[in-house]
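Here are a few short exercises to work through with the model open beside you. Take them one at a time, and try each before reading its solution.

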Amino acid sequence: MGDAERMAQPPIVETTCFCKVDAGLKTVSGAKRFVPGAKLCLQPDIKPSIHPIGQKPSRGEKKTRNQSPLIPGLPDDLAISCLIRVPRSEHSKLLLVCKRWQLLLSGSYYYSLRKSLGIAEDWLYVIKQDREGKISWNAFDPIHHLWHRLPPIPREYAATRGFGCAVLGGSHLYLFGGEDPLRGLMRRVVYYSARTNKWHWAPHMPRRRHLFGSCVINNCLYVAGGENHGVQGLLRTGEVYDPSKSRWSFISELGQGMIPSMGVVYKGEWYLKGLGENQQVLSEAYQPETDTWHPVHGGIVTGWRSPSTTFNGRFYAVDCTDGCRIRAFDEMSGSWAKHMDSKAHFGSSPALEAVALVPLNGKLCIVRNNLSISLVDVSGFESEAEPNCQDFWENIGGKGQFKTMMTNLWSSLAGRNGLKSHIVHCQVLQA
């Protein structure tokens, strides 16, 4: 690899040292303990975590009590009270002001305080793949309805297919596994921090796999199934990654090898649905407390279609064929009994196909292949008298706006190959 090619790659930080967060602090008065140079500064304990911090300063760079304040003329606790209220879209600028501001925003206390005060912001992160297999991504700010550029995807995932994507700790987006056109099946794991806006390495997966299922339970990452070497290489094995220990471990095996097509965590269990070696439909659920799998039958999987998610203890799925309709699983009847229709008709082109359903800012967010986005207030499901469902749907746009009828018809005739790119993963990160 030449020097020019090395410089073109995004930096990946090797994280070996981490910062302890005092979750008990509820006010800015405790901030002095976490801001280098403040009076009565205390050295925090160090323990493994998923939250990276910058390298330790050299002796000549160590902070002293004579250091200038965060904001001239203000005590540091009051300065932090001001800085935590800066909108997330401006955080990249704050990092450039001075070293002390950079240290403050790179640590955990700043963002834990924003979260405890209810001012942390959720952004939607969309990962796309174009016709040539190239991976790209963007972040969407749902408050200001703006898209933001991000550091390039690491080289290892620039053209990978069938890789997993999940969020740990609320602000760390992990990419793992998959098949690279040149390197073949991979065990690599990298993650992006929404706080530092950088990529970092994580421990490799024990087994190479792609087209597998993944989920997060109790802030631990689970993977299972997938493909290893063709149809005969369907995997039954599963693994779990604990970020607090920075370690992978094996879990019990699936009943049969499977390529999962959809998965969701519902009432503490991980449900997987996919195809077996003979193209038969398989459905299993994993119980982490007992480390066991069991087959799943009945209405919960019979009427289950992707995209789907759980929100406020309920299981939702969305169908956006010529408009959009959200369905909720009724556990009492064991069927997908309740529906919520947008009553809007936009056509059924691949561009308008719903590819993700995720919770966002207290609502359900529907993302389509053309990057148009809708928010749905599902509180209407709770009322006995069905309200006017259209009042609960909001199109917040995005890069792709809804097309005209003729454009939709052309896109339908062209099929998926007519799309410049399609979405492979959507996640929500908080900062």
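The exercises below deal with salt bridges and a sheet in this predicted model.

**Exercise 1.** Find which residue forms a salt bridge with Asp76, and work out which parts of the chain the pair ties together.

*Solution.* Step one: the partner of Asp76 is Arg100, with the closest N and O atoms 3.2 Å apart. Step two: Asp76 lies in helix H2 (residues 76–83) and Arg100 in helix H4 (residues 99–106), so the pair ties together parts that are 24 residues apart in sequence. Step three: Asp76 and Arg100 are both buried.

**Exercise 2.** Decide whether Lys267 is buried or exposed, then do likewise for Glu331.

*Solution.* Begin with the contact: Lys267 and Glu331 form a salt bridge, their closest N and O atoms being 3.6 Å apart. Next, the cut-offs: exposed means over 50% relative accessible area, and buried means under 20%. Lys267 has 54%, so Lys267 is exposed. Glu331 has 48%, so Glu331 counts as partly exposed.

**Exercise 3.** Work out the strand order of the open sheet that includes S16, and name its edge strands.

*Solution.* First, the order is S15-S16-S17-S18, with antiparallel pairing. Second, strand S15 (259–266) and strand S18 (292–295) each pair on one side only, which makes them the edge strands. Third, the average twist from one strand to the next is 25°. Finally, look inside the sheet: S16 (residues 269–275) and S17 (residues 281–287) pair over six bridges, and Gly274 has Leu282 in S17 as its bridge partner.

Notes: Residues are numbered from 1 along each chain as its sequence is written. This is a predicted model: local features need pLDDT of at least 70, side-chain atom pairs count only at pLDDT 80 or more; totals for chains, interfaces and linings use all residues. Side-chain values use heavy atoms; hydrogens and water are left out. Two strands pair if DSSP finds at least two bridges between them. Helices (H or I, at least four residues) and strands (E, at least two) are DSSP runs, numbered from the N terminus. Axes are lines fitted to C-alpha atoms, for helices over the stretch in contact, and angles run from 0 to 180 degrees between N-to-C directions. A salt bridge is a side-chain nitrogen of Lys or Arg within 4 Å of a carboxyl oxygen of Asp or Glu. Buried means under 20% relative accessible area, exposed over 50%, partly exposed in between (1.4 Å probe, protein chains only).
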